[in-house]
Amino acid sequence: MTSPTELPAILGGKPAFPNGPPTWPPVPWPEMEEAAARAMRDGSWGRYHGPNGRQLVEDLAAFHSAEQVQLCSSGTVAVELALRGAKVGPGDEVLLAAYDFKANFQNVLAIGATPVLVDLDPKTWQLNPALLEEACSKKTKAIIASHLHGGLVGMKPVCEFAAERNIVVVEDACQATGAMVGSRRAGMTGDVGVLSFGGSKLLTAGRGGAVLTSRSDIAQRIRLYTQRGNDAYPLSELQSAVLIPQLAQLDQRNATRLKNAKRLATELERQGLPLLPMSPLNCESTDQMAFYKCGFQYTGESVSRDRLCAAMRADGVALDPGFRALHRTHSRRRFRSEGELPQAGHADESCVMLHHPVLLEDERITERVATAISRVLNHATKVATAPEPRC
Ligand SMILES: *Cc1c(COP(=O)(O)O)cnc(C)c1O
């Protein structure tokens with residue numbers, strides 16, 4: 001095993017993980033081959049509609065206890081459909097975190113509404129429910145609550161706030177598919193939830209998404225918008241076919257990822273490394289997080305955040321900077337916000353996230369990852385000035 005005093009790969013040492021990060025999706029994945037082969041054999045792969053889409057809708061509905069499931073072509077489209085289902089339109093305002101997936105901001109603009117950016121809770125780096133009041137106006141129609149990097153938004157205060165004002169809560173569970181928020185699945189605590197089946201996500205078909213809701217008015221509006229004689233944002237039979245067995249494995253994989261994410265956080269703390277978990281130790285005990293990305297607040301100073309990530313990638317660990325904050329990457333004319341957004345700015349500068357496949361490995365992996373980080377930080381001065389690695 002890598003010793004913490006050896007040179008890290010960015011300085012010419014042997015990479016801690018010479019084969020690089022584990023691939024996603026894993027190869028081979030026999031259940032996927034079987035599902036695809038079955039769709040080939042029965043001809044459903046080439047049809048508009050068939051048994052796979054129907055089965056997936058049924059399974060997602062049962063898994064989430066959702067009355068209505070609308071499959072669609074991406075998670076981005078799913079968020080747009082959820083907003084349309086909530087009757088958001090030109091002149092309306094939508095509250096969302098100033099640190100969120102860029103497409104959520106773009107979706108609000110795409111339907112002619114104005115994004116209103118809300119700062120994060122410094123303890124969890126998720127949308128801060130305590131700041132909704134000051135951001136809200138008469139034009140507020142919806143809140144996008146997006147669970148990010150393994151953390152969970154405090155949905156109870158968000159939903160209570162929204163219910164008192166007749167505001168629709170769109171719960172973005174694209175990064176938290178299968179997580180439990182109290183007694184409900186992520187996506188089912190608000191009025192309408194969204195999932196992504198994109199190529200890096202916990203359930204993947206390369207592309208795809210779904211909208212979940214138990215509100216028939218929202219489901220009906222989405223149907224009217226998407227069904228134009230044919231489905232305008234379809235998920236194919238072949239995509240559905242591979243998602244069915246993945247959903248059946250999701251709880252078990254999420255449990256493994258959660259266990260390893262907690263171990264990793266403990267190991268980083270034990271080694272005294274400057275990466276604080278965004279979530280594992282911060283969540284309510286009844287919740288159960290799901291880790292698409294395992295996010296950390298990087299508090300080190302000897303090596304910049306971006307340099308640490310570059311060094312870790314050279315060592316074969318998929319550690320990346322988090323999102324850019326939305327207020328720093330968009331013109332002020334595009335959005336409204338109340339006051340400064342210091343926590344979102346802080347997340348913009350110091351969030352790092354580990355991609356999930358490594359958390360599915362043997363439990364000793366967590367110590368190896370922590371040791372690789374420690375090795376880089378032990379050579380901070382040289383790492384800080386090493387030439388930019390080519391990748
Ligand atoms: C991935 C993701 C989406 C949707 O992504 P698609 O690639 O369009 O499927 C939406 N919100 C969040 C938070 C995401 O991480």
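Helices (H or I, at least four residues) and strands (E, at least two) are DSSP runs here, numbered from the N terminus. You're looking at a predicted model, where local features need pLDDT of at least 70, side-chain atom pairs count only at pLDDT 80 or more, and totals for chains, interfaces and linings use all residues. Residues are numbered from 1 along each chain as its sequence is written, and side-chain values use heavy atoms, with hydrogens and water left out.

**Whole chain**

Start with everything selected, in cartoon: 13 helices and 14 strands should show up. The radius of gyration, taken over C-alpha atoms, is 21 Å, close to the 21 Å from the globule rule (2.2 Å times the number of residues to the power 0.38) for 391 residues, so the protein is as compact as a globular protein of that length. Turn it around and the C-alpha trace spans about 65 × 60 × 40 Å along its principal axes. Of the 391 residues, 57% count as buried, meaning under 20% relative accessible area, with exposed being over 50% and partly exposed in between (1.4 Å probe, protein chains only).

**Two domains**

Now colour 9–23 + 250–385 as domain 1 and 30–246 as domain 2; these bounds come from an automatic or database domain assignment. Their C-alpha centres lie 25 Å apart. Where they meet, the contact (heavy atoms within 4.5 Å) takes 44 residues from domain 1 and 47 residues from domain 2.

**Helix H4**

Next, select residues 102–110, which is helix H4. Which of its residues are buried? Show side chains for Ala-103, Asn-104, Phe-105, Asn-107 and Val-108. Among the elements covering those buried residues are helix H3 (75–85), strand E2 (93–97) and strand E3 (114–118). Add strand E4 (140–146), strand E5 (168–172) and helix H10 (326–329), which are also part of the cover. Just after H4, click on Gly-112: its phi is positive, about 85°.

**Arg-223**

Last stop: helix H7, residues 216–226, where you'll find Arg-223. Is Arg-223 buried or partly exposed? Partly exposed, with a relative accessible area of 33%. Leave out residues up to four places away in sequence, and Arg-223 touches Gln-68 and Gln-70. For a distance to try in the viewer, pick the C-alpha atoms of Arg-223 and Leu-56: they are 17 Å apart in space, while the two residues are 167 apart in sequence.
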